[in-house]
Amino acid sequence: MDKINKVAIIGAGALGVMYGWNLTKKLGKDRVFMIADENRINRYTGEGIFCNDERCDFCFIDGSKNSEEKVDLIIFATKFTSLDTAIKEAQNFIHEDTILISVLNGIESEKLMREVFGTDHLLYCMVYGMDSYREGNHVHYKRIGTVSFGDKSNKITHDVKLVEEFLDEAEIKCEIPKDIIHELWSKLMLNCGVNQVAAIYNTGYGSLQVQGEKRQMMIDVMKEVKEVAKYEGIVLTEDEIKEWLMILDKLNPNGMPSLVQDLRAGRKTEVELFSGSIRKLGKKHEIVTPLNDFLYNKIKEMEG
């Protein structure tokens, strides 16, 4: 494969719609597809999906049916709770060179994808600096952020070059870090703090951007994750925490993390990706994780 011509996105949440609509407007409906099942397609086309108050004219394809339409890149932007279904649907659109990327939070999605698709064309990815959020069938954002991705080996493979060229063509900012697994852990550290603390206080980014109890708790949670990461061979630093705080402080104060959006909408959250992961690793290494234990139990209670 010399070029990524066709791309499909699974998931019509805040990230899926934001990326999907930007790609569609830039590249055209003949190159960008949204995968969903028949019921969702009927609902999306009937009620509409809006991005910054603009109705999205997506090209939908039914993921529950076998298809002759094959794509060169599939972006998984679904919720972790729906990833198993998304993986099954994606198989209908894959050819031998199709590249796979997940923009899900945490360090778990690639593990599940690897079990089904193998590692030949699976890239690791994390996205940051965006402030998109979804309310009903409306997605809003001011900052589209950056896509950070790479091969697990950290080599500049042919697939990595193709994705970089594709994102450049689509005018979506991207970067290839020196160590993508480290980047995934660093983002997990951020999310355990920001997502979970915002969730238990039912607040947006604004109240985490000012000094006070919420911001300090967020920082303490990130430090707890930093300690757990060390036992997994991942060295996170205080400087990284400071860098994440600078990024957080530039986000739309009215925006809100995904856990807050899910709780307000009555949806099951992705807490298992955050404190759920940290708690498991804490038990594995026999170290205590009191803050993540508290957040996990509190969010589970709020879900109920």
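**View 1. Strands β9 and β10 pair in the antiparallel sense.**
In this predicted model, β9 and strand β10 (residues 138–140) are joined over three bridges. If you would like a pair of residues to find your bearings, try Arg-134, whose bridge partner in β10 is Val-139. Step back a little and you will see that the two strands belong to an open sheet of four strands, in the order β4-β3-β10-β9 and with mixed pairing. The edge strands of this sheet are β4 (54–55) and β9 (133–135), each of which pairs on one side only.

**View 2. Strand β8 sits in an open sheet of three strands.**
The order here is β8-β11-β12, and the pairing is mixed. At the edges are β8 and β12 (174–175), each pairing on one side only. Strand β11 (residues 144–150) pairs with β8 in the antiparallel sense over six bridges. Two pairs of residues help you to follow this pairing: Cys-125 stands opposite Phe-149 in β11, and Met-130 stands opposite Ile-144 in β11. As general background, strands of a sheet pair through backbone hydrogen bonds, either parallel or antiparallel.
How many of the seven residues of β8 are buried? Seven of the seven residues in this strand (residues 124–130) are buried, so β8 is largely enclosed by the rest of the structure.

**View 3. Helices α5 and α6 lie across strands of the β8-β11-β12 sheet.**
Helix α5 (residues 158–169) lies across β11 and β12 and runs at about 165° to β11. Helix α6 (residues 180–201) lies across β8 and β11, and its angle to β8 is about 45°.

**View 4. Helix α6 packs with helix α10.**
The axes of α6 and α10 (residues 275–285) are 10 Å apart, and the helices pack at an angle of about 115°. Which residues of α6 and α10 make the contact? From α6 come Trp-185, Leu-188, Cys-192 and Gln-196, while α10 supplies Ser-275, Ile-278 and Leu-281. Sorted by class, the contact of α6 with α10 has five nonpolar and two polar residues, with no charged ones.

**View 5. Helix α8 has buried residues along one face.**
Look along helix α8 (residues 238–248) for its buried residues: Glu-240, Ile-241, Trp-244, Leu-245 and Leu-248. Seen down the axis of α8, these buried residues fall within an arc of 140°, so they line one face of the helix. Covering them are elements that include β8, α6 and α7 (213–231). Now turn to the face of α8 directed away from its buried side, where you will find the exposed residues Lys-242 and Met-246.

**View 6. Ser-109 is buried in helix α4.**
Is Ser-109 buried or exposed? Ser-109 has a relative accessible area of 0%, and since buried means under 20%, this serine counts as buried. Ser-109 is found in helix α4, which covers residues 109–117. The side chain of Ser-109 makes a polar contact with the side chain of Ser-102 (2.9 Å). Another polar contact links the side chain of Ser-109 to the side chain of Glu-110 (3.2 Å). Leaving aside residues up to four places away in sequence, Ser-109 touches Phe-80, Leu-83, Ser-102 and Leu-104. Ser-102 is thus worth picking out in this view, as one of the residues that Ser-109 touches and as a side-chain polar contact partner.

Terms used. Residues are numbered from 1 along each chain as its sequence is written. This is a predicted model: local features need pLDDT of at least 70, side-chain atom pairs count only at pLDDT 80 or more; totals for chains, interfaces and linings use all residues. Side-chain values use heavy atoms; hydrogens and water are left out. Buried means under 20% relative accessible area, exposed over 50%, partly exposed in between (1.4 Å probe, protein chains only). Two strands pair if DSSP finds at least two bridges between them. Contact means heavy atoms within 4.5 Å. Axes are lines fitted to C-alpha atoms, for helices over the stretch in contact, and angles run from 0 to 180 degrees between N-to-C directions. The arc is that of the directions from the helix axis to the C-beta atoms. Ala, Val, Leu, Ile, Met, Phe, Trp, Tyr, Cys and Pro count as nonpolar, Asp, Glu, Lys and Arg as charged, and the others, Gly among them, as polar. A polar contact is a pair of N or O atoms within 3.5 Å; within protein, one must be able to donate a hydrogen and the other to accept it, and residues adjacent in sequence count only if both atoms are side-chain atoms.
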